[in-house]
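Got the viewer open and a selection tool ready? Here is a walk through the model, one stop at a time.

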Amino acid sequence: MSRLVAPPLSLYMHFPWCVRKCPYCDFNSYTLQGDLAEARYIDALELDIQSQSAEVAGREIISIFLGGGTPSLFSPNSIARVLDVTRRHLRVAADVEVTMEANPGTIERGRFAEYRAAGVNRVSLGAQSFNAQRLETLGRIHSPEETRRAAQELHGAGIENFNLDLMYALPGQDVAEALQDVEAAIALAPTHISHYQLTLEPGTLFAAQPPELPDDDLAAEMLTACGERLATAGFAQYEVSAYAQRGRRCRHNLNYWTFGDYLGAGAGAHGKLTSAGQTIARTVQAREPRRYLAGVPAALTRKNVPVADLPFEFMLNALRLVEGFEIETFVERTGLEWQEVAPTVDALLDRKLLIVQGTRLLPSAAGLRFLNDLLLSFLAETPQTTGAFGLSTAL
Ligand SMILES: C[S@@+](CC[C@H](N)C(=O)[O-])C[C@H]1O[C@@H](n2cnc3c(N)ncnc32)[C@H](O)[C@@H]1O
Ligand code: SF4
């Protein structure tokens, strides 16, 4: 691990409550019962950030992501407080990207201008679909009209840099309808669109009572048709599910995908930290909000990533990128020699699932489509390789 170099550093903050839990969602989110523990939660985040700050002393935070759950349930004052706290305890880059996830059903008039004044400069809006019937099936709390209004509010507030989350392969959806959703999203002039295939996640209501979904061939057709439409509107695909206008890729997610470091604060938040020349550790906070509030900051657990897991963990992230990665980045961010993965890479090159372009390694179109199968080749033959950070949670 001698060549391990500390990579760029981000901060993820988790806000675990939602107005209502969606039946497909396996994120660490909970239907809000009673009043939001707003001030208590922000106090807890402060303690959490403060206690983790020593470990990254002097390192600059390049991006902050306020994710959920539904951070937009928190008032602009609370968001301002948490960003002030961050600046007090951490070294934040002058041009930091600060993204906040927002549910269109929680946005009152004028709210985005206040979030912007609080320091938010990028928003990710959970549109999911523009078809009222599909939104109902998905258990969403908002109408297509509310999503349109939220997008107008974003433009009005001067937050031009925003993402829309869309899901496709919805129950009963055909290619034409999936395309209508993409068309409606483009019409709102976002800078970024995330386009996720709906998956049935274990432990969700949809997994227990599965709706009938389009088959794999139909889903693949939707993906191709939507990708082509997005490309003609200037949204270039740069990751399995991410499309962006020029210069508008999400800096925060790119740091995950290039095996960068991040602090994780809030209920169930995960972190990854590199000690230069030594080890890579994963941290995770108490998952359930009540346990988090009671246990912060001591409830943070920390585990070194076994060296044998590093090739898989790196590839799991970096091969999601259409342009792949610089081979040197693998060496710097895992501390391993390229030789460790060269035989596996060679076999995948032979199978035309990977491509070499100069000093970069990238997935072929087939490799990107069958990414899960490709990644299995990098699993170490030790029993420790799956689990909390294994395939099922990260893909
Ligand atoms: C953590 S959610 C946050 C967004 C915000 N809470 C909202 O829903 O408006 C991030 C995104 O993941 C996607 N997502 C969640 N569960 C999914 C699933 N089972 N299959 C595909 N995409 C999913 C949705 O598009 C969602 O907007
Ligand atoms: S999809 Fe978003 S709003 Fe729905 S439960 Fe998950 S985090 Fe909450």
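In which strand does Thr99 lie? Select Thr99 and you land in strand β5. Keep in mind as you go that this is a predicted model.

**Stop 1: Thr99**

Thr99 has a relative accessibility of 0%, so it counts as buried. Show side chains and look for Arg122: its side chain makes a polar contact with the side chain of Thr99, at 3.4 Å. Now bring up the rest of the surroundings. Setting aside neighbours within four places in sequence, Thr99 is in contact with Ile64, Phe65 and Leu66, and also with Arg122, Val123 and Ser124.

**Stop 2: ligand 1**

Stay with β5 for a moment, because β5 (91-102) is one of the strands that each supply at least two residues of the shell around ligand 1. The others to colour are β6 (122-128), β7 (162-168) and β8 (192-197). Centre on ligand 1 and select its shell, which holds 17 residues. Closest to the ligand are Gly69, Gln128, Arg140, Asp165 and Thr199.

Three distances are worth drawing here. Start with Asp165, where a side-chain N or O atom sits 2.6 Å from an oxygen atom of ligand 1. Next take Arg140, whose side chain places an N or O atom 2.8 Å from an oxygen atom of the ligand. Finish with Tyr24, but switch to the backbone: an N or O atom there lies 3.0 Å from a nitrogen atom of ligand 1. How much of ligand 1 does the protein bury? Taken alone, the ligand exposes 560 Å², and the protein buries 92% of that. Colour the shell by residue class and you get 6 nonpolar, 7 polar and 4 charged residues.

**Stop 3: ligand 2**

Move on to ligand 2. Which residues are around it? Select Cys18, Lys21, Cys22, Tyr24, Cys25 and Ser29, then add Gly69, Thr70, Asn103 and Arg140. By class, this shell has 4 nonpolar, 4 polar and 2 charged residues. Tyr24 and Arg140 should look familiar: Tyr24 has the backbone atom 3.0 Å from a nitrogen of ligand 1, and Arg140 has the side-chain atom 2.8 Å from one of its oxygens.

**Stop 4: the nonpolar cores**

Hide the ligands and turn to the packing. The largest nonpolar core has 70 residues, and the members that touch the most others are Met13, Ile79 and Phe112. Helix α6 (residues 175-187) gives this core its largest share, 6 residues. Zoom in on Phe112: leaving out neighbours within four places in sequence, its contacts are Ala102, Ile107, Val123, Leu125, Ala150, Glu153, Leu154, Ala157 and Ile159. There is also a second, separate core of 27 residues, with Phe259, Phe325, Leu353 and Leu375 among them.

**Stop 5: α11 and α12**

Select α11 (310-318) next. How many of its residues are buried? The count is 9 of 9, so to speak a mostly covered helix. Running along α11, the buried residues are Leu310, Pro311, Phe312, Glu313, Phe314, Met315, Leu316, Asn317 and Ala318.

Then add helix α12 (residues 327-334), where Thr329, Phe330, Val331, Arg333 and Thr334 are buried. What do the buried residues of α12 pack against? Show β13 (280-284), α11 and β15 (325-326) to see their partners. Just after α12, click on Gly335, which takes a positive phi of about 75°.

**Stop 6: Glu46**

Jump to helix α1 (residues 38-53) and pick Glu46. Is this residue, Glu46, buried or exposed? With a relative accessible area of 18%, Glu46 is buried. Its side chain makes a polar contact with the side chain of Arg88, at 3.1 Å. Not counting residues up to four places away in sequence, Glu46 touches Arg81, Val85, Arg88 and His89.

**Last stop: α8**

Finish on helix α8 (residues 216-232), home of Thr224. Thr224 has 45% relative accessibility, so it counts as partly exposed. Draw a C-alpha to C-alpha distance to Val175 and you get 9.7 Å, for a pair 49 residues apart in sequence. Gly227 is in α8 as well, but at 17% relative accessibility Gly227 counts as buried, since the cut-off is under 20%. From its C-alpha, run a second distance to the C-alpha of Val182: the two are 45 residues apart along the chain and separated by 9.2 Å.

How values were computed
Residues are numbered from 1 along each chain as its sequence is written. Chains are lettered from A and ligands numbered from 1 in the order in which they are written. This is a predicted model: local features need pLDDT of at least 70, side-chain atom pairs count only at pLDDT 80 or more; totals for chains, interfaces and linings use all residues. Side-chain values use heavy atoms; hydrogens and water are left out. A residue is near a molecule or strand if one of its heavy atoms lies within 4 Å of it. A polar contact is a pair of N or O atoms within 3.5 Å; within protein, one must be able to donate a hydrogen and the other to accept it, and residues adjacent in sequence count only if both atoms are side-chain atoms. Accessible areas come from the Shrake-Rupley method with a 1.4 Å probe; for residues, only the protein chains shown count as cover. Helices (H or I, at least four residues) and strands (E, at least two) are DSSP runs, numbered from the N terminus. Ala, Val, Leu, Ile, Met, Phe, Trp, Tyr, Cys and Pro count as nonpolar, Asp, Glu, Lys and Arg as charged, and the others, Gly among them, as polar. Buried means under 20% relative accessible area, exposed over 50%, partly exposed in between (1.4 Å probe, protein chains only). A nonpolar core is a set of buried Ala, Val, Leu, Ile, Met, Phe, Trp, Tyr and Cys residues joined through side-chain atoms within 4.5 Å. Contact means heavy atoms within 4.5 Å.
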